[in-house]
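Trainee: I have a protein model open and some time before lunch. Can we go through it together?
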Amino acid sequence: MEKKIVGFHVDDLGDWVADLECGHRQHVRHNPPWINRPWVLDDAGRESMLGQVLNCKKCNMPAIPGNAKRVTCSPLFDQQMLQQQCSGPQENASDCWIELVVSQGELVYQRHTDHVEGYVIDPEFSAVIPPGTGYTLIPKGDVQMCFHYYEEQ
Ligand SMILES: [Zn+2]
């Protein structure tokens, strides 16, 4: 979804992050020769990008229905448990909506629809897995996460 840039800030690692009108954030790194955004390094360059749009993938994440109540949580998974119990394609075969909450580190959540959409999930951004959704989880290093289950009332 195309969202306007409303501001910029620097993250803990010194990388530039764009603040989007939807409230989400997106890295706008300058990391040549792979990613070239020399404009992000100076005030005038950043100012010239205000009001421009970026594709906000986070806006494509489904939302848990308003009438759904949290019924239970999984134990905490670490990277090793994920690789043992959740490697390869998974499916939410329950009637519940599942919120995947990362408390430490990050992982890639791939949602399988007619194509595959990948999202980086971290402590600031959870995945929502509707009933019947196929997905794959790819831990990136040390990660801790759990599943919260929501039932529509
Ligand atoms: Zn957004």
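Trainee: What does the domain assignment give for the protein chain?

Mentor: Domain 1 (2-60) and domain 2 (68-152); such bounds come from an automatic or database domain assignment. Residues are numbered from 1 along each chain as its sequence is written. This is a predicted model, where local features need pLDDT of at least 70, side-chain atom pairs count only at pLDDT 80 or more, and totals for chains, interfaces and linings use all residues, while side-chain values use heavy atoms, with hydrogens and water left out.

Trainee: How many Å apart are the C-alpha centres of the two domains?

Mentor: The centres of domain 1 and domain 2 are 27 Å apart.

Trainee: And how many residues are in contact?

Mentor: Four residues of domain 1 are in contact with six of domain 2, contact being heavy atoms within 4.5 Å. The area buried between the domains is about 430 Å², meaning the accessible area (1.4 Å probe) that two parts lose on being put together, summed over both. Carbon and sulfur atoms give 50% of that area.

Trainee: Which three residues supply most on the domain 1 side?

Mentor: K57, K58 and N60 supply 84% of the area that domain 1 buries against domain 2.

Trainee: How many salt bridges does the rule find across that interface?

Mentor: Zero, where a salt bridge needs a side-chain nitrogen of Lys or Arg within 4 Å of a carboxyl oxygen of Asp or Glu.

Trainee: New topic. How many disulfides does the structure hold?

Mentor: Zero; a disulfide is a pair of cysteine sulfur atoms within 2.5 Å. For C86, the nearest cysteine sulfur is that of C146, 12 Å away.

Trainee: Is C86 buried or exposed?

Mentor: C86 counts as buried because its relative accessibility is 8%, and buried means under 20% relative accessible area (1.4 Å probe, protein chains only).

Methods. Buried means under 20% relative accessible area, exposed over 50%, partly exposed in between (1.4 Å probe, protein chains only).
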